[in-house]
2 protein chains.
Amino acid sequence: MDKPLKIPIQVSADRAEPMYHQIEVQLRGLILSGQLAEGTLLPSIREFASDLSCSVITIRRVYQDLENEGILRTRQGTGTFVAQVGEVRRERYRKEAVVEALRAAVRTGLDVQCTPEELRNLFEEALEQLLAEESGAKGEEQT
Amino acid sequence: MDKPLKIPIQVSADRAEPMYHQIEVQLRGLILSGQLAEGTLLPSIREFASDLSCSVITIRRVYQDLENEGILRTRQGTGTFVAQVGEVRRERYRKEAVVEALRAAVRTGLDVQCTPEELRNLFEEALEQLLAEESGAKGEEQT
DNA sequence: TATACTGTTAATATAAATATACACAGTAGA
DNA sequence: TCTACTGTGTATATTTATATTAACAGTATA
């Protein structure tokens, strides 16, 4: 049995975003980007909860949510693993949340009578800006 | 003093989306699209509440939220009006909600390691699909 | 001024989201 | 088997979001 590894996740109870959601987003990102390989044993809910200074139940919820999404597999008494999702299904899961968010945004735009052209421009702006922020943040990490 | 007009808004207590939010989205749309002209007197909170079969407080919240956004102006004892926002400011208000939603969507995409190209494609897909749905719904209204 | 409209405020009810503790049950290995 | 680990289920606390009532205060006008 593989040794469970330390998961590089940062959460803060101060943020408005609930703990379980912060964890889900980051863990999902690690899995769908391939940084956590299929079959990887995750920390036990107690160990992970201790690491992140939160309740066992919160981790339990995260594992359960991601299992329902199909990207984790869990067995009582044994542990929780990254599921054996094929490349195709992984792509689908990866896109689902994004598509949902994009649709919500577009819907908002149509509600206030944005034209398609206008929406494309605003999208491009947002994308450029966040890409810039991200590369900026990456650079600062090394400081 | 102008006669307050009937506002064409449809709400449903059955939907998961809260009442106040349904009303806000639609009323904001009517104002920012120019269908409700600047200076227009809106129904009193009691009359509007009666029309929509909801509480006075719910309408009150809507008016207050939109006043905080700067697109309504309200005076105790007199009524609530569409604010005198210039074309420039109206454009800004109109875009704000959309930009926020788009940024959230893009952030989600970057979280799961989408490439910019991929996000552009997904955005275009979502836009096309919702445009199709909308024109479809418009057509059915006449049935 | 009287009255009949406006919006306002405070106190409260209800439901949903978030987070928790603790007792329970399955699994693996000494 | 015993022990020490896994996840599971129940019952509950806490907070936030949503919605409400009823008494209050400003405004316009007959």
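Around DNA strand D there are 23 residues, and those that come nearest are A:Arg46, A:Arg60, B:Tyr20, B:Ser55 and B:Ile57. On the DNA side, sugar and phosphate make up 61% of the strand D atoms that come within 4 Å of the protein. All of this is read from a predicted model.

Several polar contacts to strand D can be picked out. Chain A brings in A:Ile45, with a polar backbone atom 3.0 Å from a phosphate oxygen of DNA strand D. Chain B does something similar through B:Met19, where a polar backbone atom is 3.0 Å from a phosphate oxygen of the strand. With B:Thr58, a side chain takes part: one of its polar atoms lies 3.0 Å from a phosphate oxygen of DNA strand D.

Which parts of the fold make up this surface? From chain A, helix H2 (45–52), helix H3 (56–69), strand S1 (72–75) and strand S2 (79–82) each give at least two residues to the surface near DNA strand D, and from chain B so do helix H1 (19–32) and helix H3 (56–69). H3(B) has the largest share, with three residues. Sorted by class, the surface near DNA strand D holds seven nonpolar, twelve polar and four charged residues.

Now for the other strand. DNA strand C also has 23 residues around it, and here A:Tyr20, A:Ser55, A:Ile57, B:Arg46 and B:Arg60 come nearest. Sugar and phosphate account for 61% of the atoms of strand C that come within 4 Å of the protein.

The contacts to strand C involve phosphate, sugar or linking, and base oxygens. For A:Met19, a polar backbone atom is 2.9 Å from a phosphate oxygen of DNA strand C. In the side chain of A:Thr78, an N or O atom sits 3.4 Å from a sugar or linking oxygen of the strand. B:Arg46 reaches a base: a polar atom of its side chain lies 2.6 Å from a base oxygen of DNA strand C.

The elements behind the strand C surface are H1 (19–32) and H3 of chain A, plus H2 (45–52), H3, S1 (72–75) and S2 (79–82) of chain B, each supplying at least two residues. This time the largest share, three residues, comes from H3(A). The class count for the surface near DNA strand C is seven nonpolar, twelve polar and four charged residues.

How are the two protein chains related? Chain B superposes on chain A after a rotation of 180° with 0.0 Å of shift along the axis, at an RMSD of 0.1 Å. The two copies are thus related as by a two-fold rotation axis. As for where they touch, 100% of the interface residues of chain B are also interface residues in chain A, so the copies meet through the same surface.

Stepping back to a single copy, chain A has five helices and two strands, and from the N terminus its elements run α-α-α-β-β-α-α. Its C-alpha trace spans about 55 × 40 × 25 Å along the principal axes. The domain assignment splits chain A into domain 1 (19–82) and domain 2 (87–141), and the C-alpha centres of these two domains lie 25 Å apart.

An annotation is also available for chain A: an unreviewed UniProt entry lists residues 17–85 as "domain: HTH gntR-type". Over that stretch, the chain is 52% helix and 12% strand, with the end C-alpha atoms 28 Å apart.

How values were computed
Residues numbered from 1 in each chain as written. Chains lettered and ligands numbered in written order. Predicted model: local features only at pLDDT ≥ 70, side-chain atom pairs only at ≥ 80, totals over all residues. Heavy atoms only, no water. UniProt positions renumbered as here; feature names shortened; annotations may be inferred. Helix = DSSP H or I, 4+ residues; strand = E, 2+ residues; numbered from the N terminus. Near = heavy atom within 4 Å. Polar contact = N/O pair within 3.5 Å; in protein donor to acceptor, adjacent residues only side chain to side chain. Nonpolar A, V, L, I, M, F, W, Y, C, P; charged D, E, K, R; others polar. Domains from an automatic or database assignment. Least-squares fit on C-alpha atoms with pLDDT ≥ 70 in both. Contact = heavy atoms within 4.5 Å.
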